[in-house]
Amino acid sequence: MSNDAPQYDVIIIGAGPAGSMAASLLTQQQLKVLVVEKQQFPRFSIGESLLPQSMTYLQEAKLLSAVENAADKLGFQYKNGAAFYAKGHYSDFDFSQKFSAGPSHTYQVKRADFDQLLANEAEKQGAEFKFGYQLTDIQLEPQPSLTLEDEQGDITQVEARFVLDASGFARVLPRLLNLDQPSDFPVRSSVFCHIEDKITDSGYDRNKILIETHPQLKDVWYWLIPFADGTASLGCVAKPEYFERLSPTAVPESMLEQAVAQTQRCKKLLASSRNISPVQHITGYSSNVKQLYGTNYALLGNAGEFLDPIFSSGVTIAFKSAKLASEVLTRQFSGEQYCWQSQFAQPLQQGVDTFKAFVCSWYQGQLQDIIHFEQAPANIREMVCSVLAGYAWDHDNSFVQQPERRLRVLGELCAS
Ligand SMILES: Cc1cc2nc3c(=O)[nH]c(=O)nc-3n(C[C@H](O)[C@H](O)[C@H](O)COP(=O)(O)OP(=O)(O)OC[C@H]3O[C@@H](n4cnc5c(N)ncnc54)[C@H](O)[C@@H]3O)c2cc1C
């Protein structure tokens, strides 16, 4: 190590949910933590519907009370379930009727405000944040040395004992270390924006995310995520060809407008709505890596694997990865026995695999049949409800123990 570069125990790349959660947990273990964030906050991010499981991680990091206290001021929408609509049929899951123990509510949040709140709280707890600095180069051995560039193009060197990559879709370390691996999912696209929703329908439940399936195309779906201030996030997910057909000139506004025009429920609910942000169009966000950790580094949140937005699992997985990594690092730095494979990668992957089975089953159509089959025994719906609420690591749930098999068998039953 050079003598003059600032030294930290842990440097975290990125101040999204994974980065701030890890910063908070590690700082509370009296470790010296630096978070390097490329952008200035607040900044827009997609990923606005949280899952109740994420509340337990916020609580453990002593961040929950800040979220709850700020909820009214920042327009966080109370969320207690998920509602699904397909071909005239509405089915909802109330998270209070889930199998697993734990919180049964959460929030839908504008991520610009939510991410800034978490970063501010982690900073108050003692973590150092550098906004407007991006990691441009790294040397990991013998000990990590990072090259940072600020917005003026000035270069700084910083050093640490360990690096956590929480850089999200930028996937900084996977790219620099050649860790990228193709996702198990086909390329899908998404178009989305924020709207003033002007919903007057008294039957509309603002406490739930609404997922609507296209009336003819089962692999095309829409989200409507209301916030508490009369605005909402609206988006559509489909294979790129679907959007190309809708708008050959690839104008995102036209793609979203025409996609929503093909819905039944969203179209009616949003008849008076207006866009309040530009429509964004993103493609090919599902990703995977060859390994989640290596000498002196680990990958958190989206910098590891990203599945699909359908079950709003991204932030919950980001928090879980930060929690597991922080626990292993605490053991490592205090001289206790630790193992990145059995205490980080494996337990993280187990829940990711549960979500993965649910995502596969959704696109195959089986999970859509299950969701709309309300005659299913109550205990079965409770177990499915648990995973929809983010409890994908609860081994007592047979849909966590054997998600593929249970979904296949139940799907066949519901379809017959
Ligand atoms: C269409 C779509 C809809 C989604 N909907 C949901 C949802 O409803 N609910 C949900 O939970 N998840 C959702 N997700 C997933 C969610 O967006 C992510 O899983 C979540 O934001 C991951 O958090 P993170 O902390 O890993 O990364 P991020 O939140 O992406 O944060 C990464 C940070 O790293 C910074 N950074 C990048 N490069 C550098 C660099 N070189 N140096 C320094 N900093 C850097 C970035 O500026 C950014 O602030 C959705 C995803 C998509 C694509």
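So, which element gives the most to the shell around the ligand? Hold on to that for a second. One thing to say up front: this is a predicted model.

Okay, the answer is H9, which puts four residues into that shell. Let's stay with the ligand for a bit. There are 37 residues around the ligand, and the ones that come nearest are Gly16, Gly47, Gly168, Gly301 and Gly314. So you'll see glycines at five places along the chain when you zoom in there. As for elements, those giving two or more residues to the shell are helix H1, at 17-27, strand S2, at 33-37, strand S8, at 133-139, and helix H9, at 314-333. If you sort the shell by class, you get 17 nonpolar residues, 17 polar ones and three charged ones.

Now, H9 again, but this time with a neighbour. Helix H2, residues 53-60, packs with H9 at an angle of about 35°, and the two axes are 9 Å apart. The crossing of H2 and H9 is left-handed. On the H2 side, the contact is made by Gln53, Ser54, Tyr57 and Glu60, and H9 brings in Val315, Thr316, Phe319, Lys320 and Lys323. By class, the H2 and H9 contact splits evenly: three nonpolar, three polar and three charged.

Let's zoom out to the domains. The domain assignment gives us three pieces: domain 1 is 7-79 + 100-182 + 287-350, domain 2 is 189-283, and domain 3 is 362-415. The C-alpha centres of domain 1 and domain 3 are 30 Å apart. Their contact takes twelve residues from domain 1 and nine residues from domain 3. And what classes of residue does domain 1 show on the side that touches domain 3? Four are nonpolar, eight are polar, and there are no charged residues there.

Last stop, strand S12, residues 189-196. S12 pairs antiparallel with S15, residues 231-238, over eight bridges. Glu196 has Thr231 as its bridge partner in S15. S12 also runs antiparallel to S17, residues 280-283, and four bridges join those two. There, Ser189 is partnered with Thr283. Then there's S16, residues 274-275, which pairs with S12 in the antiparallel sense over two bridges. In S16, the residue opposite Glu196 is Arg274. So keep an eye on Glu196 when you turn the model: Thr231 of S15 is its bridge partner, and Arg274 of S16 stands opposite it too.

That's the tour. Happy to go back to any of these views.

Note on methods:
Residues are numbered from 1 along each chain as its sequence is written. This is a predicted model: local features need pLDDT of at least 70, side-chain atom pairs count only at pLDDT 80 or more; totals for chains, interfaces and linings use all residues. Domain bounds come from an automatic or database domain assignment. Two residues are in contact if their C-beta atoms, placed from the backbone, lie within 7 Å. Ala, Val, Leu, Ile, Met, Phe, Trp, Tyr, Cys and Pro count as nonpolar, Asp, Glu, Lys and Arg as charged, and the others, Gly among them, as polar. A residue is near a molecule or strand if its C-beta atom, placed from the backbone, lies within 6 Å of it. Axes are lines fitted to C-alpha atoms, for helices over the stretch in contact, and angles run from 0 to 180 degrees between N-to-C directions. A crossing is left-handed if the near helix is turned anticlockwise from the far one by less than a right angle, and right-handed if clockwise. Two strands pair if DSSP finds at least two bridges between them.
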